[in-house]
Amino acid sequence: MSTHTQLKVLTATDIRGSKKQRRLTMLTAYDYPTASIADAAEMDMLLVGDSLAMVVLGHDDTLSVTMDEMIHHCRAVARGTQRALVVGDMPFMSYETGVEDAMRNAARMFREGGVRAVKLEGGLSVTPQIKALTQAGIPVVGHIGLTPQRVAALGGFKVQGRSAEAARLLLEDAKALEEAGCFALVLEAIPAPVARHITESISIPTIGIGAGADCDGQVLVFHDLLGLYDKFTPRFVKRYAELRQEAVKAIGQYRDEVIQGTFPQKEHSFTMPQEELEMWEKSIKDRND
Ligand code: KIV
């Protein structure tokens, strides 16, 4: 029997308090079906990730998704979620430009998008925004390591923190984000020993993606986990299903049955009372005579 049948809605405070108590689970979700599926599977957090730019909208990176598009998807995820904490990803240039922009855009995600926390990428440089948001009552998830919104500056989707100096800077960023008020921290594509040390050095939960097994929780992209995105699969992804192949097979079968005339069958069709049918057929006949 599920431990979550009483459907307690999770909050940022619950997530923060889970450190060292239990491992946390996060999955991205982008619309009503992905949210309701992930929520039914009892994920703790659903991240409306800006990865939707790639896996849902077909862009080559995450930079082109707009605030309005993110809000549109957040709203659908909020409608599909009963238990998980819904986290909205702040898109490129919605917060880097200053505290005021960050406040206005995060407030839109809350009010219009129905999320209950936001995530933003970056370390020390975004701590003024994080302080302002948390002081205004908006819970924030930080994100360091491989930060896809800075892909141009990072020189591609590459593992971060591989030198002693880079690892030291990541630890400094993690401590600054904790200090600024984040309630959790995503660590993306960094060496496992660096992630372990960061996890042991801060009091908020770390959520890893390509950061080894010693983080306090893990996050994956919905379409990667289920094998729905065929353009690119990072090495750190484990595919738990191959739904794209299944979908192509099912749709191919539908196509064949339509062409062969074996779909629809009687059970998929509607009928009408016999006397109405006869009256109608008679009216056609009379009209044609
Ligand atoms: O946008 C996203 O999906 C993310 C996760 C990979 C953490 O930021």
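Biologist: What makes Asp 68 and Arg 108 a salt bridge?

Modeller: Their closest N and O atoms are 2.7 Å apart. A salt bridge is a side-chain nitrogen of Lys or Arg within 4 Å of a carboxyl oxygen of Asp or Glu, so the pair qualifies. Before we go on, this is a predicted model, where local features need pLDDT of at least 70, side-chain atom pairs count only at pLDDT 80 or more, and totals for chains, interfaces and linings use all residues. Residues are numbered from 1 along each chain as its sequence is written, and side-chain values use heavy atoms, with hydrogens and water left out.

Biologist: Thanks! Why is Asp 60 called exposed?

Modeller: Its relative accessible area is 65%. Exposed means over 50%, buried under 20% and partly exposed in between (1.4 Å probe, protein chains only), so Asp 60 counts as exposed.

Biologist: And why is Arg 108 called partly exposed?

Modeller: Arg 108 has 24% relative accessibility, so it falls in the partly exposed class.

Biologist: How do you know that Asp 60 and Lys 231 form a salt bridge?

Modeller: The closest N and O atoms of that pair are 3.7 Å apart, which satisfies the cut-off. Asp 60 lies in the loop between helix 3 and helix 4 and Lys 231 in the loop between helix 10 and helix 11, so the bridge ties together parts 171 residues apart in sequence.

Biologist: What makes the ligand oxygen and Asp 50 a polar contact?

Modeller: A ligand oxygen is 2.9 Å from an N or O atom in the Asp 50 side chain. For a ligand, a polar contact is a pair of N or O atoms within 3.5 Å, so this one fits.

Notes:
Polar contact = N/O pair within 3.5 Å; in protein donor to acceptor, adjacent residues only side chain to side chain. Helix = DSSP H or I, 4+ residues; strand = E, 2+ residues; numbered from the N terminus.
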